[in-house]
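I opened the notebook for a quick look at helix packing, one buried-or-exposed check and the cysteines. Entries follow in the order I looked things up.

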Amino acid sequence: MKFKVPAFLEGIEAPIEGEIAMRNFAVSQMGENAVVVGIDEVGRGPLAGPVVACAAVLKAADIMPALNDSKKLTRPKREAMYQAVQDACECFAVASASVEEIDRMNILEADFLAMRRALQALGMPGIKESAPEIPIFQKGMLPEASKVLIVVDGNLKIHGIPEELQIPVVKGDGRIASISAASILAKVFRDRYMDDLEKRYPGYGFDKHAGYGTKAHLEAIRRQGMTPEHRKSFHPKSLQTELDL
């Protein structure tokens, strides 16, 4: 089921305003121990590399006015903000799902797996997932006795998590500050991982296109073949046919 933006967020576009509104809603529904956890992912569309998700809790709704959707920020800007975003978080966890998991279960389910791993790392009860191939990057844990409201970027709820504990927010990375923080942390983490992949598999340009299907990337695959970090289930049919010849 796809969900629309909650009524109490209509007309709100600034991430700080959205975070305040979401926190007020959480307290009204769950009480003073309510904690808003923003969660976002990066890496659904690339031809190579893992999908990465981050779950983040901000110390305060207005702690970092510069927070916004990572896609609206240049890479140098995200890198410059990276440590400050970490410092602004009470806790966060960045987790992933591997290329093998993506090919086995499909990208959406692998995306949800990465999200569950991030939430589990923060101490969300009732989740029992295996450790990811890439070590989880995290700071802190959810406060004890907290009642968690998960705010998910997009229009879907995470499979395997009680639905009543989640609110999907379309374009949430530009509407809710904690999702914005998660977006930036996940993006920088994955970009740096792809930089390392270029060192392991030089000539593909992973440090430039982060695994997305650019013309240069497709030409590199034709020239050098696929690496173990390429998603076999993602390649355009024309390219796959060429590689099979």
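**Notebook: a serine, a helix pair, the cysteines**

I started with S178, which lies in helix α5. The model is predicted, and I read it as such. Is S178 buried or exposed? I got 0% relative accessibility, so S178 counts as buried. I then listed its contacts, leaving aside neighbours within four places in sequence. S178 touches E19, V36, V37, G38, A56 and L58.

Next I looked up how α5 packs with α2. I took α2 as residues 75–88 and α5 as residues 177–200. Their axes are 9 Å apart, and the angle is about 120 degrees. That angle makes α2 oblique to α5. I noted the crossing of α2 past α5 as left-handed.

Which residues make the contact? From α2 I listed R75, R78, E79, M81, Y82, V85 and Q86. From α5 I listed A181, I184, L185, K187, V188, F189, D191, R192 and D195. Sorted by class, the α2 contact with α5 holds 8 nonpolar, 1 polar and 7 charged residues.

Last, the cysteines. How many disulfides are there? I counted 0 with sulfur atoms required to lie within 2.5 Å. I checked C89 against that cut-off. Its closest cysteine sulfur is in C54, at 6.7 Å, which is too far for a bond. For C91 the closest cysteine sulfur is in C89, at 7.7 Å, again too far for a bond. I also looked up accessibility. C89 is buried, at a relative accessible area of 0%. C91 is buried, with a relative accessible area of 0%.

Technical notes. Residues are numbered from 1 along each chain as its sequence is written. This is a predicted model: local features need pLDDT of at least 70, side-chain atom pairs count only at pLDDT 80 or more; totals for chains, interfaces and linings use all residues. Side-chain values use heavy atoms; hydrogens and water are left out. Axes are lines fitted to C-alpha atoms, for helices over the stretch in contact, and angles run from 0 to 180 degrees between N-to-C directions. Helices (H or I, at least four residues) and strands (E, at least two) are DSSP runs, numbered from the N terminus. Angles under 35 degrees count as roughly parallel, over 145 as roughly antiparallel, 65 to 115 as roughly perpendicular and the rest as oblique. A crossing is left-handed if the near helix is turned anticlockwise from the far one by less than a right angle, and right-handed if clockwise. Contact means heavy atoms within 4.5 Å. Ala, Val, Leu, Ile, Met, Phe, Trp, Tyr, Cys and Pro count as nonpolar, Asp, Glu, Lys and Arg as charged, and the others, Gly among them, as polar. Buried means under 20% relative accessible area, exposed over 50%, partly exposed in between (1.4 Å probe, protein chains only).
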